[in-house]
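Welcome! Have a look at the sequence and the structure, and then try the exercises below at your own pace.

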Amino acid sequence: MKPILYSFRRCPYAIRARMALKIADIDYELRNILLRDKPVEMLQASSKGTVPVLVLTDKVIDESFDIMLWALKQHDPLSLLDNIDKSLELIKINDTSFKMALDRYKYPTRYKDDPTDWQLEASKFVKQLEYLLAENTYLLKNEPSLADFAIFPFIRQFTMPDKTYFENTFPQTAIWLETMVNNNIFKNVMPKQPLFNNPDIKA
Ligand SMILES: N[C@@H](CCC(=O)N[C@@H](CS)C(=O)NCC(=O)O)C(=O)O
């Protein structure tokens, strides 16, 4: 059986998982879903109800970073698993304090907070990236590491509420993001695909 990936196209966690599977050249069945219409098969595999979920013959992996690690352990042509300590540090901040602030900045009505406070809070991490990107083309060296692939889908979301603020405040990060979104690996995993629950519709 091929691995099955439940995924929502625009989800940054699902994007990082799809990119790792692509880099590792893993042949898998993509089950493209909408968060408001989760397939029973997915919820049976993982009751958490989040994407991505990777179903393998012997186990289910329902954390995006673990899917990245699993994929790259199969095949790691870009040597992304070499010296990952610094990547791990950045990814941890991305996935915890930055993601929390990002959600509150992006959905102010959902959280009933002042989005400017959360813009400032989320900006602390982006500022850290900006310093790193003053040193190298990518976050940790002059070629992409695991951190670049794991983090940029979230920075892409950070640009959405106020692109001008992002570009003016973080010019190096803006250049880096542009490079990452123009990378063929990202482009390859982003086209709309038929929905698993409704194959006549592409989303
Ligand atoms: N820690 C999880 C988080 C995954 C996650 O929160 N995904 C969001 C979509 S971006 C989700 O599925 N949310 C469930 C929902 O909105 O119903 C991971 O890294 O895979």
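Here are some exercises on this predicted model, each with a worked solution.

**Exercise 1.** Find how many helices and strands there are in the protein, and in what order the elements run.

*Solution.* Start with the count: the protein has ten helices and four strands. Next, walk along the chain from the N terminus, and the elements read β-α-β-α-β-β-α-α-α-α-α-α-α-α.

**Exercise 2.** Work out how the radius of gyration of the protein relates to the globule rule, and give the span of the C-alpha trace along its principal axes.

*Solution.* The globule rule gives 17 Å for 203 residues, and the radius of gyration of the protein is 17 Å, close to that value, so the protein is as compact as a globular protein of that length. For the span, the C-alpha trace covers about 45 × 40 × 25 Å along its principal axes.

**Exercise 3.** Locate the domains and describe the side of domain 1 that touches domain 2.

*Solution.* First, set the bounds: domain 1 covers 4-78 and domain 2 covers 85-185. Their centres, taken over C-alpha atoms, are separated by 22 Å. Then turn to the contact, where ten residues of domain 1 meet eight residues of domain 2. On the domain 1 side, helix 1 (12-23) and helix 3 (64-74) each supply at least two residues. Helix 1 gives the most, with seven residues. Last, sort that side of domain 1 by class: eight residues are nonpolar, none is polar and two are charged.

**Exercise 4.** Decide whether helix 1 and helix 3 are roughly parallel or roughly antiparallel, and list the residues that meet.

*Solution.* Two packed helices are described by the angle between their axes and the distance between the axes. Here helix 1 and helix 3 pack at about 0°, and their axes are 8 Å apart. Angles under 35 degrees count as roughly parallel, and therefore helix 1 and helix 3 are roughly parallel to each other. From helix 1, the residues in this contact are Tyr 13, Ala 14, Arg 16, Ala 17, Ala 20, Leu 21 and Ile 23, and from helix 3 they are Ser 64, Ile 67, Met 68, Ala 71 and Leu 72. By class, the contact of helix 1 with helix 3 has ten nonpolar residues, one polar and one charged.

**Exercise 5.** Name the residues that surround the ligand and sort them by class.

*Solution.* The shell consists of Phe 8, Cys 11, Tyr 13, Leu 35, Gly 49, Thr 50, Val 51, Pro 52, Glu 63, Ser 64 and Phe 65. Sorted, the shell around the ligand has seven nonpolar, three polar and one charged residue.

**Exercise 6.** Look at the backbone at Pro 52 and Ser 79: which peptide bond is cis, and what is phi of Ser 79?

*Solution.* The bond joining Val 51 and Pro 52 is cis, with omega about 0°. Pro 52 sits in the loop between helix 2 (40-45) and strand 3 (53-55). Ser 79 has phi near 50°, a positive value in a residue other than glycine. Ser 79 lies in the loop between helix 3 and helix 4 (85-106).

Terms used
Residues are numbered from 1 along each chain as its sequence is written. This is a predicted model: local features need pLDDT of at least 70, side-chain atom pairs count only at pLDDT 80 or more; totals for chains, interfaces and linings use all residues. Domain bounds come from an automatic or database domain assignment. Two residues are in contact if their C-beta atoms, placed from the backbone, lie within 7 Å. Ala, Val, Leu, Ile, Met, Phe, Trp, Tyr, Cys and Pro count as nonpolar, Asp, Glu, Lys and Arg as charged, and the others, Gly among them, as polar. A residue is near a molecule or strand if its C-beta atom, placed from the backbone, lies within 6 Å of it. Axes are lines fitted to C-alpha atoms, for helices over the stretch in contact, and angles run from 0 to 180 degrees between N-to-C directions. Angles under 35 degrees count as roughly parallel, over 145 as roughly antiparallel, 65 to 115 as roughly perpendicular and the rest as oblique. The radius of gyration is taken over C-alpha atoms; the globule rule is 2.2 Å times the number of residues to the power 0.38.
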